[in-house]
Amino acid sequence: MGVADKDNKPTTLEKERSRVQDFITNPNQLNWMVSYNSRIIGSVWVDLKSKDHLNSPSVHIMLGDPIVRKQGVGSAVIDAVISYLKQQGYKQIYSRHLLLNKGSQKLLAKAGFISEGEPYKDSDDLNWQNVSLLKNNAHSTE
């Protein structure tokens, strides 16, 4: 999870429109907007199909407004998604974080995720660590 602001690559409005449209129409993905204090501040999605070195279901959170970070919003969101996935019968849940993103690493560890395998580099030359959560490992979603 999480590309740090300094590591974000330039994009265009058309690329972002296409990406959002894919969120809406992709049958292998669950998507929600994250609202805080009556404003949309990010999104959370679950890939239901394994891809990019990552098993499924895999949880991903993007909180775009830096002001809300470290306010407990990410923890509340990931706990809600984990609870939902467990209700759907998933026994193991996956995610990943950039090695340099200590905030995402801490968030996932707090939710009960543990490192899985060795770190790896993706096609964009970013270094990732996969993590997993067994149904009985969750700290705050039981």
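How much accessible surface does the chain have, and what share of it belongs to carbon and sulfur atoms? The accessible surface comes to about 8,800 Å², and carbon and sulfur atoms hold 53% of it. This is a predicted model.

**Figure 1. The whole chain combines 3 helices and 7 strands.** Follow the sequence from its start, and the pattern reads α-β-β-β-α-β-α-β-β-β. The chain has 142 residues, and 39% of them are buried. Now take the contacts with a separation of 6 or more. Of these, 52% join residues 24 or more positions apart.

**Figure 2. The largest nonpolar core holds 21 residues.** Find Val-59, Ile-78 and Phe-113, which touch the most other members. At least two residues of this core come from each of β2, β3, α2 (73–87), α3 (102–110) and β7 (127–134). Helix α2 gives the most, with 6 residues.

**Figure 3. Helix α2 is 15 residues in length.** Its first and last C-alpha atoms are 21 Å apart, close to the 21 Å expected at 1.5 Å a residue. Which residues of α2 are buried? They are Val-73, Gly-74, Ser-75, Val-77, Ile-78, Asp-79, Val-81, Ile-82, Leu-85 and Lys-86. An α-helix has 3.6 residues a turn, so residues three or four places apart point the same way. The buried residues of α2 pack against several elements: β1, β2, β3, β4 (92–98), α3 and β7. Look just after the helix as well. There, Gly-89 takes a positive phi of about 100 degrees.

**Figure 4. Trp-32 and Tyr-84 form an aromatic pair.** The count for the model is 1 such pair. The ring centres of Trp-32 and Tyr-84 are 5.6 Å apart, and their planes stand at 80 degrees. Planes over 60 degrees apart count as edge-to-face, so the pair of Trp-32 and Tyr-84 is edge-to-face. The pair links distant parts of the chain, with the two positions 52 residues apart in numbering. Trp-32 belongs to strand β1 (residues 29–36), and Tyr-84 to helix α2. Are these rings' residues buried or partly exposed? Trp-32 has a relative accessibility of 31%, so it counts as partly exposed. Tyr-84 has a relative accessible area of 33%, so it is partly exposed too.

**Figure 5. Ser-43 is a buried residue in strand β2.** Its relative accessibility is 8%. Buried means under 20%, so Ser-43 counts as buried. What does Ser-43 touch, not counting residues up to four places away in sequence? Its partners are Trp-32, Met-33, Val-34, His-60, Ile-61 and Met-62. Trp-32 is also a member of the aromatic pair in Figure 4.

**Figure 6. Asp-52 lies in a loop between two strands.** The strands on either side are β2 (39–47) and β3 (58–63). Leave aside neighbours within four places in sequence, and Asp-52 is in contact with Arg-96 and Tyr-120. Now find Ser-123. Asp-52 and Ser-123 are 71 residues apart in sequence, yet 9.1 Å apart in space, C-alpha to C-alpha.

**Figure 7. The charged end of Arg-96 sits over the ring of Trp-128.** How far is this charged end from the centre of the ring? The distance is 3.8 Å. Arg-96 also appears in Figure 6, where it is in contact with Asp-52.

Conventions:
Residues numbered from 1 in each chain as written. Predicted model: local features only at pLDDT ≥ 70, side-chain atom pairs only at ≥ 80, totals over all residues. Heavy atoms only, no water. Helix = DSSP H or I, 4+ residues; strand = E, 2+ residues; numbered from the N terminus. Contact = heavy atoms within 4.5 Å. Core = buried A, V, L, I, M, F, W, Y, C linked by side-chain atoms within 4.5 Å. Buried < 20%, exposed > 50% of the residue type's maximum accessible area, 1.4 Å probe, protein only. Areas by Shrake-Rupley, 256 points an atom, 1.4 Å probe, with all protein chains shown as cover. Phe/Tyr/Trp six-rings, centres within 6.5 Å; stacked < 30°, edge-to-face > 60°. Lys NZ or Arg CZ within 6 Å of the ring centre and 35° of its normal. Expected span 1.5 Å × (residues − 1).
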